[in-house]
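These exercises deal with a ligand and the pockets of a protein. Work through each task before reading its solution.

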Amino acid sequence: MPVSTQYTIQSGDDLTPERLEALNAQLAKFSPQEVLEWAIDNLPNLYQTTAFGLTGLITLDMINKISVQRQKDHIVSLIFLDTLYHFQETLDLAKRCVETYDVPLKVYKPVDCDSVADFERQHGQKLWENDEDAYDFLVKVEPARRAYDELNVKSIITGRRRSQKGDRAAIPVIEVDGTGLIKLNPLAYWDLQQVRTYIRANEVPYNALVDQGYNSIGDWHSTNKPASKDDERSGRWEGKEKTECGLHKDYFKMRAAFMASKKAKQQLAEQKKQHQIADHASPVLEASA
Ligand SMILES: Nc1ncnc2c1ncn2[C@@H]1O[C@H](COP(=O)(O)OS(=O)(=O)O)[C@@H](OP(=O)(O)O)[C@H]1O
């Protein structure tokens, strides 16, 4: 085993900043396969969260190989947050991955929504344009939190890499977020070229949109082909400053912003209602005066 941890990790609380630093110094020297083997043996209640991006597909393939080697069923289950606005190609790929790897997949959708029609009935059309923070909270942040609570998730694997730049430019292999959730980024040090090479060499299934020039694929309304060759995620939220969907931001801040915006919308709706009542009432008052 590549890394021996001198302490038992039962939750993120066991990973103090000092321990995290020491652990990251060790893990940074190991291959993603070795990091994954270590994580499988040492991290509590581990799941892989994936939108079936190229990076996550490699993790899926590597875990499958570890499972076969250990003569076990696929060891780490997947969590997919179905925003309802994914490309059909992504949903097809999810199905193909489950069939290919025989991996358990947990799908979480926005509360009380099974379709875009359900979502738009509750939250209106094009919420991502009208209130992008509320959109991110409803389709990603809240469903993720619900998944972690219901499945008692303590650790997750993500597909983030340093070469994706932005907030990811310095991510470590292992981190603990503000809620105590342990996040493992086994391919933190790989670049897109290494990713593509692995996918090809191992015949890993991938999104049909990749062959059309898409590198990073999220919701259809916020995904384009990369605008810059040097930035693989530059097709996401093109023309906006935004570079993250909220999943990897501070949960408590996201929730507070969502609650504040919800309250403001409720107050506005109440004010409008009061005005309408007043508008209807005045002719009657005038008539009876
Ligand atoms: N919908 C959904 N469901 C589950 N997990 C998800 C989802 N979206 C993002 N992720 C996790 O974040 C990793 C990076 O995704 P992206 O680069 O697409 O960015 S973003 O999170 O959408 O902003 C992504 O890596 P991949 O496994 O390569 O897809 C996941 O670990």
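**Exercise 1.** Which residue has a backbone N or O atom 2.9 Å from a nitrogen atom of the ligand? Then find polar contacts to oxygen atoms of the ligand and state how much of the ligand is covered.

Solution. The model is a predicted one.
- Step 1. The residue is Leu-81, whose backbone N or O atom lies 2.9 Å from a nitrogen atom of the ligand.
- Step 2. A polar contact requires a pair of N or O atoms within 3.5 Å. In Thr-50, an N or O atom of the side chain is 2.7 Å from an oxygen atom of the ligand.
- Step 3. Cys-245 uses its backbone instead: an N or O atom there is 3.1 Å from an oxygen atom of the ligand.
- Step 4. On its own the ligand has 590 Å² of accessible area, and the protein covers 96% of this.

**Exercise 2.** Describe the shell of residues around the ligand.

Solution.
- Step 1. Count the shell: 22 residues are around the ligand. Those that come nearest are Thr-49, Thr-50, Gly-56, Arg-168 and His-248.
- Step 2. Sort by class: eight residues of the shell are nonpolar, nine are polar and five are charged.
- Step 3. Place the ligand: the ligand sits in the largest pocket.
- Step 4. Assign elements: α3 (54-69) and β2 (78-81) are the elements that give two or more residues to the shell. Of the elements, β2 gives the most, with three residues.

**Exercise 3.** Characterise the largest pocket by volume, lining and contributing elements.

Solution.
- Step 1. The volume of the largest pocket is about 790 Å³.
- Step 2. The lining consists of 47 residues, and the closest to the centre of this pocket are Ala-51, Lys-140, Ile-217, Arg-233 and Arg-236.
- Step 3. At least two lining residues come from each of α3, β2 and α7 (132-150). The element that gives the most is α7, with five residues.
- Step 4. By class, the lining of the largest pocket has 15 nonpolar, 19 polar and 13 charged residues.

**Exercise 4.** Which element supplies the largest share of the lining of the second largest pocket? Describe this pocket as well.

Solution.
- Step 1. The second largest pocket holds about 320 Å³ of space.
- Step 2. Of its 21 lining residues, Asp-177, Lys-183, Leu-247, His-248 and Lys-249 are the closest to the centre.
- Step 3. Both α7 and β5 (174-176) supply at least two residues of this lining. The largest share, four residues, comes from α7.
- Step 4. The lining of the second largest pocket divides into eight nonpolar, four polar and nine charged residues.

How values were computed. Residues numbered from 1 in each chain as written. Predicted model: local features only at pLDDT ≥ 70, side-chain atom pairs only at ≥ 80, totals over all residues. Heavy atoms only, no water. Near = heavy atom within 4 Å. Polar contact = N/O pair within 3.5 Å; in protein donor to acceptor, adjacent residues only side chain to side chain. Areas by Shrake-Rupley, 256 points an atom, 1.4 Å probe, with all protein chains shown as cover. 1 Å grid on protein atoms, 1.4 Å probe; cavity = no way out; pocket = protein on both sides within 12 Å on 5 of 7 lines; lining within 4 Å. Sits in = over half its atoms within 2 Å of the grid points. Nonpolar A, V, L, I, M, F, W, Y, C, P; charged D, E, K, R; others polar. Points joined across faces, edges and corners; volume = space filled by probe spheres on them.
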